[in-house]
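Reader: I'd like to go through this one and hear the reasoning behind each label. Can you take me through it?

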Amino acid sequence: MTLTDLLATVHRIEVRTNRLVNDMMVGAYLSHFKGRGMDFEELREYIPGDEVRDIDWNVTYRMGRPFVKRYREERELAMVLAVDISASSAFGSLNRSKREFAAEIAGTLAISATRSSDKVALLLFSDEVELYLPPRKGRRHILRLIREMLERQPRGRGTNIAGALAFLNHVLHRRSIVFLLTDFLHSFGGAVATAAPARDTLQELGLTNARHDLVCIHLHDPRESTLPRAGLLTVEDAETGELLELDSNRLLVREKFAQTNAERLAELDRALRRAGVDTLSFSTAEPFAQTLQAFFETRRTRRRG
């Protein structure tokens, strides 16, 4: 991608995501995420009706009468976009790759956050941490995030989700919203992946969700689910280089390919459910805005309940 192409793509994504935020009002729902952090506001004497659990027993013991700590909700919330830029993210059977698709979704989330006066951070990862930009506000910052998502050339080819989340758990000192955008095709099953996330990945997903508010966004391309009838094909695992030769003219081969992928996705879904992580699944062939809006509305209803 030339510099001119890059700038044009960044501008197109900015225009499109701004329009989506304006039309779908996605930003209005970010404030309804659970567990926004609390800032200490004051220490005062206990008044009948105060919550007993707010009593500061150390101060109460020293002063000889009950005192309570009062908190106020943080006015700002940090959103972290953790985006997988491993080799498999470059795949796209239509007119955009999964990486470009991820940039568009992440751009929509970032602009939504700024409309809610929240800061946005970016983590790009492969099998190592490629780039981390701390939370900031402003249009220039958002445009840089989009540019980095499109332009950054990864040093690694593989995917290490557990390592990326462990890094975030180390650098994030306040509760945040973490959106993990990945295709979950990290090489457990070779050229045609068949396994669910490794145990350490699931553990790190659960830990991150306990410390923050984690949402997994699973990105996939239609060609990863079905084979075209196109004769002899050589399928390459982009992350390992492993090759697999297939005769796509054979119905049995196409059915086996689709079945294997369906089983992998079903196991992935079960694993993420066991980890207690909210998950959205988006295909590069379909629009995402309405699904995203419905998700925020569900979160809002859940919090009110």
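**Confidence, then the labels**

Author: Let's start with a warning: this is a predicted model, and pLDDT stays under 50 over residues 187-195. The model has 22 contacts for that stretch beyond four places in sequence. Where pLDDT is low, the predicted coordinates should not be read in detail.

Reader: What is the mean pLDDT of the protein?

Author: The mean is 83, and 84% of the residues reach 70 or more. As for the overall layout, there are eight helices and 10 strands. Buried residues make up 48% of the 305 residues.

Reader: What makes Ile217 count as buried?

Author: Buried means under 20% relative accessible area. Ile217 has 0% relative accessibility, so it counts as buried. Ile217 is in strand E7, residues 213-220.

Reader: Which residues does Ile217 touch, leaving out those up to four places away in sequence?

Author: Ile217 touches Ile105, Leu109, Phe179, Leu180, Leu181, Thr182, Leu280 and Phe282. Take Phe179: it is 38 residues from Ile217 in sequence, yet the two C-alpha atoms are 6.9 Å apart. For the protein overall, residues 24 or more positions apart account for 75% of the contacts with a separation of 6 or more.

Reader: Why is the Tyr132 and Phe167 pair called edge-to-face?

Author: Two checks. Ring centres have to lie within 6.5 Å to pair, and planes over 60 degrees apart count as edge-to-face. Tyr132 and Phe167 are 5.4 Å centre to centre with 75° between the planes, so the label fits. This pair links distant parts of the chain: Tyr132 sits in strand E5 (residues 129-136) and Phe167 in helix H5, 35 residues apart.

Reader: And why is Phe167 called partly exposed?

Author: Its relative accessible area is 25%. Partly exposed covers the range between the 20% and 50% cut-offs, so Phe167 belongs there.

Reader: What makes the Phe295 and Phe296 pair tilted?

Author: Their planes are 55° apart, with 5.8 Å centre to centre. Stacked needs under 30 degrees and edge-to-face over 60, so 55° leaves tilted. Both Phe295 and Phe296 are buried. The whole structure has four aromatic pairs, and Phe101, Phe282 and Phe288 form one aromatic cluster.

Reader: How do you know that the buried residues of H5 line one face of the helix?

Author: In helix H5, residues 161-171, the buried ones are Ile161, Ala162, Ala164, Leu165, Leu168 and Asn169. Looking down the axis, they fall within an arc of 165°, so they line one face. An α-helix has 3.6 residues a turn, so residues three or four places apart point the same way. At the start of H5, a side-chain oxygen of Asn160 also reaches to within 3.4 Å of the backbone nitrogen of Ala162.

Reader: What is the span of H4 from its first C-alpha to its last, and what is expected?

Author: H4 (residues 139-151) has 13 residues and reaches 18 Å, close to the 18 Å expected at 1.5 Å a residue. Its buried residues are His141, Ile142, Leu143, Leu145, Ile146, Glu148, Met149 and Leu150.

Reader: What is the phi of Phe184?

Author: Its phi is positive, about 55°, although Phe184 is not a glycine. Most residues other than glycine have a negative phi. Phe184 lies in the loop between strand E6 (176-182) and helix H6 (199-211).

Reader: Why is Phe184 called buried?

Author: Its relative accessible area is 4%, which is under 20%, so Phe184 is buried.

Technical notes: Residues are numbered from 1 along each chain as its sequence is written. This is a predicted model: local features need pLDDT of at least 70, side-chain atom pairs count only at pLDDT 80 or more; totals for chains, interfaces and linings use all residues. Side-chain values use heavy atoms; hydrogens and water are left out. Buried means under 20% relative accessible area, exposed over 50%, partly exposed in between (1.4 Å probe, protein chains only). Helices (H or I, at least four residues) and strands (E, at least two) are DSSP runs, numbered from the N terminus. The arc is that of the directions from the helix axis to the C-beta atoms. A polar contact is a pair of N or O atoms within 3.5 Å; within protein, one must be able to donate a hydrogen and the other to accept it, and residues adjacent in sequence count only if both atoms are side-chain atoms. The expected span of a helix is 1.5 Å times one less than its number of residues. pLDDT is the predictor's confidence in each residue, from 0 to 100. Contact means heavy atoms within 4.5 Å. Rings of Phe, Tyr and Trp (its six-membered ring) pair if their centres lie within 6.5 Å; planes under 30 degrees apart count as stacked, over 60 as edge-to-face and the rest as tilted.
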